[in-house]
Each structure stands twice: as structure tokens, then as C-alpha cells.
Amino acid sequence: MNRVIEISPAAAVDVGCTDAPVLKERGQREVFCGLTGIIWLHRKIQDAFFLVVGSRTCAHLLQSAAGVMIFAEPRFATAIIDERDLAGLADANAELDRVVTRLLERRPDIKLLFLVGSCPSEVIKLDLSRAAQRLSTTFAPAVRVLNYSGSGIETTFTQGEDACLASLVPEMANSQAPALMVVGALADVVEDQFKRLFDALDIGPVHFFPPRHAAELSAVGPNTRFLLAQPFLADTARMLEARGAERLAAPFPLGAEGTTAWLQAAATAFGVSATRFEEVIAPKRERAQLSLQRHRQVLQGKRVFFFPDSQLEVPLARFLSRELGMGLAEVGSPYLHRQHLAAELAWLPSGTLLSEGQDVERQLDRCRTSQPDIVVCGLGLANPLENEGFTTKWAIELVFTPIQGFDQAADLAELFTRPLTRRTKLLA
Ligand code: SF4
């Protein structure tokens, strides 16, 4: 199969899952908690520190999610709530103040400190927002102290980023100046590529949120238009809209097609002519389409089953189905934000089984019945499923890897071809 995939805007309006019914499930779930977001956020905001107020379990989760990494100076840590705190025998607030003071005295490079709540801090009702206010007053103006919750109670792991970014919105200055804001943590290399494309299209000023440094936090106001780079930022988007900013409706920048439409939304809003857009975008898009051809040869006709995990499931399913010819056995997502996913749902083949939430045993039964070629799921399900003979892809890898934009389209496809090719070799 050596064909370049044609992008057909007409297909966006006449097919799809725009009004498709969704199987809603509420039962046992197999997902990581929001603390996981610290792993990519601490790399993004280079002068921030994330202090989890939690238990040894939280510390273990962070350590295992981060892998074995030795930093000259780490930028996350856990302040352990021990049994005495749980029993109310010690003043947890005084202890927290002591820990933060010690940390900030030792680390003058920290400009932004997040106190990150956890299940234990919520259970003992430790008020981290008051603690953040108190500590902000003490350490202003050198350090801003904010708080958000990464607790695993009723959340999934990408919501940690949403909560973190939402905590930053009130810190943004007001601005009346027109600007574009790209919302959602992207790898620096991806951000730089998008910046070059926006510059070539004469769209600007462009601000990326979160910023690389605390002092670069962009301003916001009624003339700010924003593009979501990630589909899991419902609270952040709501808070930006409350500040007057306007969300540009678009699919997410995954694959040649998604990236084109995402950039097109900005180009339309900033009055870029169709000719100029084509001049700048066409060479990039065509190169991305060509790079996908060899992956299409492997993936075309194969079927993928998504367990709910990262909230990236719907855009990924759209990319795999439209640009790589895969069949969709089930597209499960922890939360389906119909408004933010509207363009994506319209691009899914009609009749796709969409599910929201999880009842893991029932979903495993559906997966076994469906016998997909590849399963996208969390770490907890991947090993047992591999043991049953399924090929799996860890959902969390899709969040850690740079996958957005034209230059990453083939890398994204490769995340799916690699496990299938490995399985074929093992069986040979
Ligand atoms: S925040 Fe809750 S779910 Fe996450 S590691 Fe800590 S105890 Fe576990």
C-alpha cells in the first residue's frame, strides 16, 4: 500500500460519532492517579518544584513512574504524612512549614512550588490551599507557592496536569492584547516546531502554557484565543474561558491530518489566507503522510482496543483509523468531553463502540470476545493481557513520548507497529 492519505474535510461533517451513544460504566478501575503528571511537568517547568504531601505509597508511585533517575538536584519529593499526623498527634501544618522552609533555604533556584495533595492529605483534611497562601506570603516575591490535588480518588492520571495548570490560571496577569495560547504540556522539541510554523504563518504572539520558566507565565484576557494541545484539560479550559479567553475548536495535533486541522483553526482565527496556509503547511503535511506509509502497511486492517486510561484515546483512535486504516474494536476513555472532542468524534467511523468510565472485569470480557490485534491499556492490565496472548501498548508511554505535530507522526505510528512487529518475530 503506497498511497498518500487524502485529507477530506467533507468527511468531517457527514460521518462519525458526533451523536453516538456511549456505554457508561462505573465499577472497579485500573488507572494511575494524578501524581503521575509530576513526571512530565517537572521537566517542563524548569524552575518549579513539586512537593507531594502524601504517604510512602505516593513516594513509591512517583519513584517507579519516574524510573530510576538520578538528578543532581531533584525537582519533586514527598513530604510523608506518618501515623502521628494521621492520628492528629502532630501539627501537620507546622511540620509542612518546617519542611518547605528547609527546602527553599537549601534551593534558591526554586521559583514556583506546588504543594500537591494526595489521598492521605485529603483523608486527614489537610487544607493545602491555606498552607499555600500562608507560605506564599512568607516567601514572596522570590517564590510562588500554589497547590493542587493529584489524589487518586475519582481521578485519572492525566488530570494531574489539568489540576496543575488550573492552579496557575489565577496567577496570570490580565491582558487586552490579542494573542494565541497553546495549552497543554508539550515536549520542548514539539513546542519549537510549532513555534516555527506559527511564525511562518505570521500568527503571534504565541504563548505556550505551561511555560518553561515560572516568570514566563503568559497573561490572559478577552483577546486571548487558545488551542488545546491535550484533550484532558477540561478545568484549565473552563478557567481560561472564565478569564475571557476563547477556545478555538479543533481536533488534536496527532498525525498529519489532526495537526493540519489544529493549525488551520489558528490560521482561520488569525486571518491567514488559504494560499499562505497551503504554502507553509503542505510540504510538512506531505512529508508526514509519506512517513506514515510504511506503518500503514503493518497496521492496515488490524484492530485496536482501548481501555480507558490517558484520555488521549479518542484522538488516537481517530488517527489510527483514518491515517493508518486500523479497525476500532472499542474506544474506552475515562471521561468523554463531548465539546472538546467534537471534531474528533465527528472523524471516528460511525458505529464505533465508545465507552466512558470503567468496569474492568466486564471490559476485559469484551476485549477477550473481540480478540483485537493490539490493546492499549494501563500497566496493571498489560502484563496479564500479554500473558493471555494479547499484544499490548502501555497508554502511559503515549503521554511521555513526544507524539504531536508533523515531525512526530511516524514516531506515534511506530509506537503501535513496534509491539506488533515484536509479537510477529516472537511467533516466527
Ligand atoms: S495519591 Fe492516592 S492513589 Fe496516588 S499514590 Fe498516593 S495514595 Fe496512591
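These are my notebook entries on a predicted model.

**Ground rules**

I number residues from 1 along each chain as its sequence is written, and side-chain values use heavy atoms, with hydrogens and water left out. Because the model is predicted, I take local features only at pLDDT of at least 70 and side-chain atom pairs only at pLDDT 80 or more, while totals for chains, interfaces and linings use all residues.

**Entry: the ligand**

Which residues surround the ligand? I listed Cys 33, Leu 35, Cys 58, Leu 61, Ser 118, Cys 119, Pro 120 and Gly 152. A residue is near a molecule if one of its heavy atoms lies within 4 Å of it. I then looked up which helices contribute. α3 (56–66) and α6 (119–123) each supply at least two residues of this shell. Helices here are DSSP runs of H or I with at least four residues, strands are runs of E with at least two, and both are numbered from the N terminus. By class, I noted six nonpolar, two polar and no charged residues around the ligand. Ala, Val, Leu, Ile, Met, Phe, Trp, Tyr, Cys and Pro count as nonpolar, Asp, Glu, Lys and Arg as charged, and the others, Gly among them, as polar.

**Entry: α5 and α7**

Next I checked helix α5 (residues 92–106) against helix α7 (residues 128–139). Their axes come within 11 Å and cross at roughly 40 degrees. That angle makes α5 oblique to α7. Axes are lines fitted to C-alpha atoms, for helices over the stretch in contact, and angles run from 0 to 180 degrees between N-to-C directions. Under 35 degrees counts as roughly parallel, over 145 as roughly antiparallel, 65 to 115 as roughly perpendicular, and the rest as oblique. The crossing of α5 and α7 is right-handed; that is, the near helix is turned clockwise from the far one by less than a right angle, and anticlockwise would be left-handed.

Which residues of α5 meet α7? From α5 I wrote down Asn 93, Leu 96, Asp 97, Val 100, Thr 101 and Leu 104. On the α7 side they meet Leu 128, Ala 131, Arg 134, Leu 135 and Phe 139. Contact means heavy atoms within 4.5 Å. This contact has seven nonpolar, two polar and two charged residues.

**Entry: α9 and α11**

I repeated the check for α9 (188–200) and helix α11 (residues 255–269). They pack at an angle of about 50 degrees, with their axes 11 Å apart. α9 and α11 are therefore oblique to each other. α9 passes α11 in a right-handed crossing. Phe 194, Leu 197 and Phe 198 in α9 meet Thr 259, Trp 262, Leu 263 and Ala 266 in α11. I noted six nonpolar, one polar and no charged residues in this contact.

**Entry: backbone oddities**

I found a cis peptide bond joining Gly 204 and Pro 205, with omega about -5 degrees. Pro 205 is in the loop between α9 and β7 (206–209). A cis bond also joins Phe 209 and Pro 210, with omega about 15 degrees. Pro 210 is in the loop between β7 and β8 (224–228).

Gln 311 is not a glycine, yet its phi is positive, about 75 degrees. I placed Gln 311 in the loop between β10 (303–306) and α13 (313–322).

**Entry: Thr 417**

Is Thr 417 buried or exposed? I have it as buried, with a relative accessible area of 6%. Buried means under 20%, exposed over 50%, and partly exposed in between (1.4 Å probe, protein chains only). Thr 417 is in helix α18 (residues 409–427). Leaving aside neighbours within four places in sequence, Thr 417 is in contact with His 295, Val 298 and Leu 299.
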